[in-house]
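Reader: Hello! I'm new to this structure, and I'd love to start from one small part and see how it fits with the rest. Could you pick a spot and walk me through it slowly?

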Amino acid sequence: MEDLRAQQIEALEVLADYNERLVKSMNGVIGELKGERKEDTDQYLEEIIKGINWEIGILNGTLSLINEGEERIQKEEMNSSILKLSKALEGKVDQEMAEAMQEALPMFEKLGKVAKEIVEKS
């Protein structure tokens with residue numbers, strides 16, 4: 001059990017570091033999708049989606065630690081936000097993708113904040 005906890009803390013440490021860059025990139029691509037599209041916007045978006053998926057994987061593996069003692073991240077809220085983003089990405093309409101990503105952004109900011117808090121306490 002302690003081994004799992006140590007692995008979860010290590011995963012959250014990596015996530016906390018990565019999350020800052022992901023949130024910054026999400027903000028950047030939102031602007032591009034809202035009308036400041038660049039030549040590499042699609043590639044940029046694809047890399048951000050990979051980062052989002054990676055963070056979701058870490059979240060799924062660490063949720064028991066994250067919500068230990070108190071519910072910090074609501075899985076249903078995160079799932080709803082990700083589902084909406086996924087549908088918007090499938091539709092490939094820039095404005096809809098930007099709005100869905102904007103809606104998901106606070107969840108990722110919160111995840112990064114919670115991860116830092118847990119790492120600092122451990």
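**A charged pair and its surroundings**

Author: Let's start in helix α2, where lysine 50 and glutamate 47 sit 3 residues apart, about one turn of the helix. Please keep in mind that this is a predicted model. The side chains of these two residues meet in a salt bridge, with 3.4 Å from N to O. Side chains of opposite charge can pair when their charged atoms come close. Is this pair buried or exposed, or something in between? Residues between the 20% and 50% limits of relative accessible area count as partly exposed. Lysine 50, at 48%, is therefore partly exposed, and glutamate 47, at 46%, is partly exposed too. Elsewhere, salt bridges with shared partners tie Arg37, Asp42 and Asp94 into one network.

Let's look at one link of that network. The side chains of arginine 37 and aspartate 42 meet in a salt bridge, 3.1 Å from N to O. Aspartate 42 has a relative accessible area of 49%, which makes this residue partly exposed. Arginine 37 is partly exposed as well, with 37%.

How many salt bridges does the structure hold? The count is 9. One of them joins the side chains of glutamate 20 and lysine 116, at 2.6 Å from N to O. This pair connects distant parts of the chain, since glutamate 20 belongs to helix α1 and lysine 116 to helix α4, 96 residues apart. Both partners are partly exposed: glutamate 20 has a relative accessible area of 47%, and lysine 116 has 32%.

Now step back to the whole chain. It has 4 helices and 0 strands, so the order of elements from the N terminus on is simply α-α-α-α. Along the principal axes, the C-alpha atoms fill a box of roughly 45 × 25 × 15 Å. A compact globule of 122 residues would have a radius of gyration near 14 Å, and the chain, with 15 Å, agrees with that. Among contacts between residues at least 6 apart in sequence, 73% join residues at least 24 apart.

What lies inside? Of the 122 residues in the chain, 41% are buried. In soluble globular proteins, nonpolar side chains tend to be buried together. Here the largest nonpolar core has 38 residues, and the members that touch the most others are Met26, Ile52, Ile66, Met101 and Phe108. Each of the four helices α1 (2–33), α2, α3 and α4 gives at least two residues to this core. Helix α4 supplies the largest share, 12 residues.

Methionine 101 is a good place to see these contacts. Beyond its neighbours within four places in sequence, methionine 101 is in contact with Met26, Val29, Ile30, Leu45, Ile48, Ile52 and Leu85.

One of those partners, Leu85, leads us to helix α3. This helix covers residues 75–91, and at 1.5 Å a residue its 17 residues should span 24 Å; the end C-alpha atoms are 24 Å apart, so the two agree. Which residues of α3 are buried? They are Met78, Ser81, Ile82, Leu85, Ala88 and Leu89. Viewed down the axis of α3, these buried residues fall within an arc of 120°, so they line one face of the helix. The cover over them includes α2 (41–66) and α4 (94–121). On the face turned away from the buried side, you can find the exposed residues Glu76, Lys87 and Glu90.

One last stop comes just after α3, at lysine 92, in the loop between α3 and α4. Most residues other than glycine have a negative phi. Lysine 92 has a positive phi of about 55° although it is not a glycine. With 65% relative accessibility, over the 50% limit, lysine 92 counts as exposed.

To retrace the path, we began with a pair about one turn apart in α2, met a salt bridge between α1 and α4, went into a core to which α1, α2, α3 and α4 each supply at least two residues, and ended at an exposed lysine in a loop.

Definitions and conventions: Residues numbered from 1 in each chain as written. Predicted model: local features only at pLDDT ≥ 70, side-chain atom pairs only at ≥ 80, totals over all residues. Heavy atoms only, no water. Expected span 1.5 Å × (residues − 1). Buried < 20%, exposed > 50% of the residue type's maximum accessible area, 1.4 Å probe, protein only. Arc of directions from axis to C-beta. Contact = heavy atoms within 4.5 Å. Core = buried A, V, L, I, M, F, W, Y, C linked by side-chain atoms within 4.5 Å. Salt bridge = Lys/Arg side-chain N within 4 Å of Asp/Glu carboxyl O. Rg over C-alpha atoms; globule rule 2.2 N^0.38 Å.
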